[in-house]
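Trainee: I have a model open and would like to talk through its strands and helices. Can we start with the strands?

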Amino acid sequence: MTAKTWFITGASKGFGRQWTEAALERGDRVAATSRAPGAFDDLIKIHGGNLLPLQLEVTDRAAVDAAVRQAADHFGRLDVVVNNAGYGLFGTVEEISEEQARAQIEVNLFGPLWVTQAALPHLRAQGGGHIIQVSSIAGVFSLPGLGVYHASKYGLEGFTASLAKEVKDFGIKVTLVEPAGYATEWAGPSAVHAERLAAYDDFRAGMQRPAGVRGEPSATRAAILAVVDADEPPLRIFFGKGALDVIRAEYASRIEEWERWDAVSQAAFGV
């Protein structure tokens, strides 16, 4: 198999780190981005010129354009573009500050949008490529206490579904990876928590449940390679156990409610 060239954001931790290592270990080349300088020094010692480390803040559109251009110029092409950078924002809708809300959308939604826009001219010019958007099971159903995080992932899902249809004729493939329940730093050191309002204390107490088993991020290595190597990759794929059962129940509930209110819906048409 011909070696691929990857561009991965948020590559110093979590899924990004695992997928960077997986790609490099099989002989692929990776432009890996992180906000932290020196995040890939250990990998450079092992993989040398197959790794291009880039310091990048994905909310800086000009910096994104420059980083994508540098990666394409350095390696000569881009085969797989992975939008992985992101974080979790915890708090009820009322508790989230304007600053926190804007920052969440800037990173989780606009960041992938800027990277996607920067990469598309290169992918079109070379006649193909594969864009991987790291969404979440939180992009297809909602839990309380994560409203603005859900908003960022719903937005990512929305523009990506449109994108897939827009670029199909250019030979560009698009996939939304929707992980569920992994032991990454998403809910730990990388998370942001809103200041709590006492009015929601009873609600929070009622929502507390024992922590379930978390998936091992390294186990996704084979899965991401299978997706990028597929002749016909999926538009959407869950990573992890139990996600499909959750979504079956979620969509069954939605359909039942829509059907129950269909007479009102039809009457609202007016003709």
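Mentor: Gladly, and please keep in mind that this is a predicted model. Strand β4 (residues 80-83) and strand β6 (residues 129-134) run parallel and are joined by 4 bridges, and within that pairing valine 82 stands opposite isoleucine 132 of β6.

Trainee: And how many bridges join β6 to β7?

Mentor: There are 6 bridges between β6 and strand β7 (residues 172-179), and these two strands also run parallel. Here valine 134 of β6 is the residue that stands opposite valine 177 in β7.

Trainee: Is β6 mostly covered or mostly open?

Mentor: Strand β6 is mostly covered, with 6 of its 6 residues buried. In a regular strand the side chains alternate between the two faces of the sheet. For β6, one side carries Gly129, Ile131 and Gln133 and the other carries His130, Ile132 and Val134, and since all of these are buried, both faces are covered.

Trainee: Ok, what about β2, how many of its residues are buried?

Mentor: In strand β2 (residues 29-34), 5 of the 6 residues are buried, so the strand is largely enclosed by the rest of the structure.

Trainee: Which residue in β2 does tryptophan 6 stand opposite?

Mentor: Tryptophan 6 stands opposite valine 30, and the pairing of strand β1 (residues 5-8) with β2 is a parallel one made through 4 bridges.

Trainee: Switching to helices, at what angle do α1 and α7 cross?

Mentor: The axes of helix α1 (residues 14-25) and helix α7 (residues 221-229) cross at roughly 65 degrees and come within 9 Å, which makes α1 roughly perpendicular to α7. The crossing is right-handed.

Trainee: Which residues meet there?

Mentor: From α1 there are Gln18, Trp19, Glu21, Ala22 and Glu25, and they meet Arg221, Ile224 and Leu225 of α7. By class, the residues of this contact of α1 with α7 divide into 4 nonpolar, 1 polar and 3 charged.

Trainee: And how do the axes of α3 and α4 cross?

Mentor: Helix α3 (residues 61-75) and helix α4 (residues 98-126) have axes that come within 9 Å and cross at roughly 35 degrees, and α3 passes α4 in a right-handed crossing.

Trainee: What is in that contact?

Mentor: On the α3 side you will find Arg61, Val64, Asp65, Val68, Arg69 and Ala72, which meet Trp114, Val115, Gln117, Ala118, Ala119 and His122 of α4. That contact of α3 with α4 has 7 nonpolar, 2 polar and 3 charged residues.

Methods
Residues numbered from 1 in each chain as written. Predicted model: local features only at pLDDT ≥ 70, side-chain atom pairs only at ≥ 80, totals over all residues. Heavy atoms only, no water. Axes fitted to C-alpha atoms, helices over the stretch in contact; angles between N-to-C directions. Parallel < 35°, antiparallel > 145°, perpendicular 65-115°, else oblique. Left-handed = near helix turned anticlockwise from the far one by under 90°. Contact = heavy atoms within 4.5 Å. Nonpolar A, V, L, I, M, F, W, Y, C, P; charged D, E, K, R; others polar. Buried < 20%, exposed > 50% of the residue type's maximum accessible area, 1.4 Å probe, protein only. Pairing = 2+ DSSP bridges.
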